[in-house]
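Visitor: I'm new to this one, so could you pick a single spot and take me through it slowly? I'd like a close look at one charged residue and whatever it pairs with.

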Amino acid sequence: MNRKALCLLALLAVILATVPVAGCRSRTDRTTGAVLLTFGTITGIPAVVSTKTSITSGFVAIGTFILQSIVKDPTGTTSALQDIEVSTYQVVYTRRDSGTRVPPTLVANLQLAVPVNGSGTINNLPIVRLDQLLNPPLNDLAQFGFDQETKTTVITIDCAITFFGHTLSGDAIASSPAKFTLEFTP
């Protein structure tokens, strides 16, 4: 190799050594602090939901939802400043069947304290409310007995629920989404 080629190779090696490698240190959690908000036990998820009955009651709920706080570094020290205050949650809906219309996203306030290395329990958490039930495609089932788009009497929807809050020290916290499927009937 000539001197010019060796200089170019040396320069390329220096540049590559200083460029960070994408993804090497990425995390899947969306928190800025020292704790993670994860899911414990989830019970009472309805498999089949009657749209008319749900409109009468005003919502569809999960029986019990347990959130857990886990320290990112188990060998580190902990304090009450790592306690999490959950303030909101959202449920995003996607169609599992051939339909394209989905209920509007549910965003709601919630007050729940989850101590560091502890858990918090939510009973009867609404996952579908009137805003979702009274809009297409779910209101089609109640009004017409079938989905106007697909002409089917069952609408299958995947739900993804995410919780948001902060630690007492002010670090933003967001859980990964918990996912489950609901089948809506007239």
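Guide: Let's go to R101, which is partly exposed, with a relative accessible area of 26%. Keep in mind as we go that this is a predicted model.

Where does R101 sit? It lies in the loop between β4 and β5, while D147 lies in the loop between α4 and β7 (155-167), so a pairing of these two ties together parts that are 46 residues apart in sequence. And they do pair: R101 forms a salt bridge with D147, with the closest N and O atoms 2.7 Å apart. D147 is tucked away from the surface, since its relative accessible area is 0%, which makes it buried.

Now look at a second partner, D140. Its salt bridge with R101 brings the closest N and O atoms to 2.3 Å apart. D140 belongs to helix α4 (residues 138-144) and R101 to the loop between β4 and β5 (106-114), so this pair joins parts that are 39 residues apart in sequence. D140 counts as buried too, at 5% relative accessibility.

The third partner is E149. Here the side chains of E149 and R101 meet in a salt bridge at 3.8 Å, N to O. E149 is in the loop between α4 and β7, and R101 in the loop between β4 and β5, so this pair ties together parts that are 48 residues apart in sequence. With 32% relative accessibility, E149 counts as partly exposed.

Why would such residues pair up at all? Side chains of opposite charge can pair when their charged atoms come close.

Now put the pieces together. R101, D140, D147 and E149 belong to a network of salt bridges that also takes in R95 and D97. The structure as a whole holds 7 salt bridges.

Let's step back and see what surrounds this spot. The protein chain has 4 helices and 9 strands, and from the N terminus on they run α-β-β-α-β-β-β-β-α-α-β-β-β. Of its 186 residues, 35% count as buried; D147, at 0% relative accessible area, is one of the buried residues. The links you saw from R101 reach across the sequence, and contacts in the chain show something along those lines: residues 24 or more positions apart account for 73% of the contacts with a separation of 6 or more. As for the outside, the accessible surface comes to about 10300 Å², of which 58% belongs to carbon and sulfur atoms.

Key: Residues are numbered from 1 along each chain as its sequence is written. This is a predicted model: local features need pLDDT of at least 70, side-chain atom pairs count only at pLDDT 80 or more; totals for chains, interfaces and linings use all residues. Side-chain values use heavy atoms; hydrogens and water are left out. Buried means under 20% relative accessible area, exposed over 50%, partly exposed in between (1.4 Å probe, protein chains only). Contact means heavy atoms within 4.5 Å. Accessible areas come from the Shrake-Rupley method with a 1.4 Å probe; for residues, only the protein chains shown count as cover. A salt bridge is a side-chain nitrogen of Lys or Arg within 4 Å of a carboxyl oxygen of Asp or Glu.
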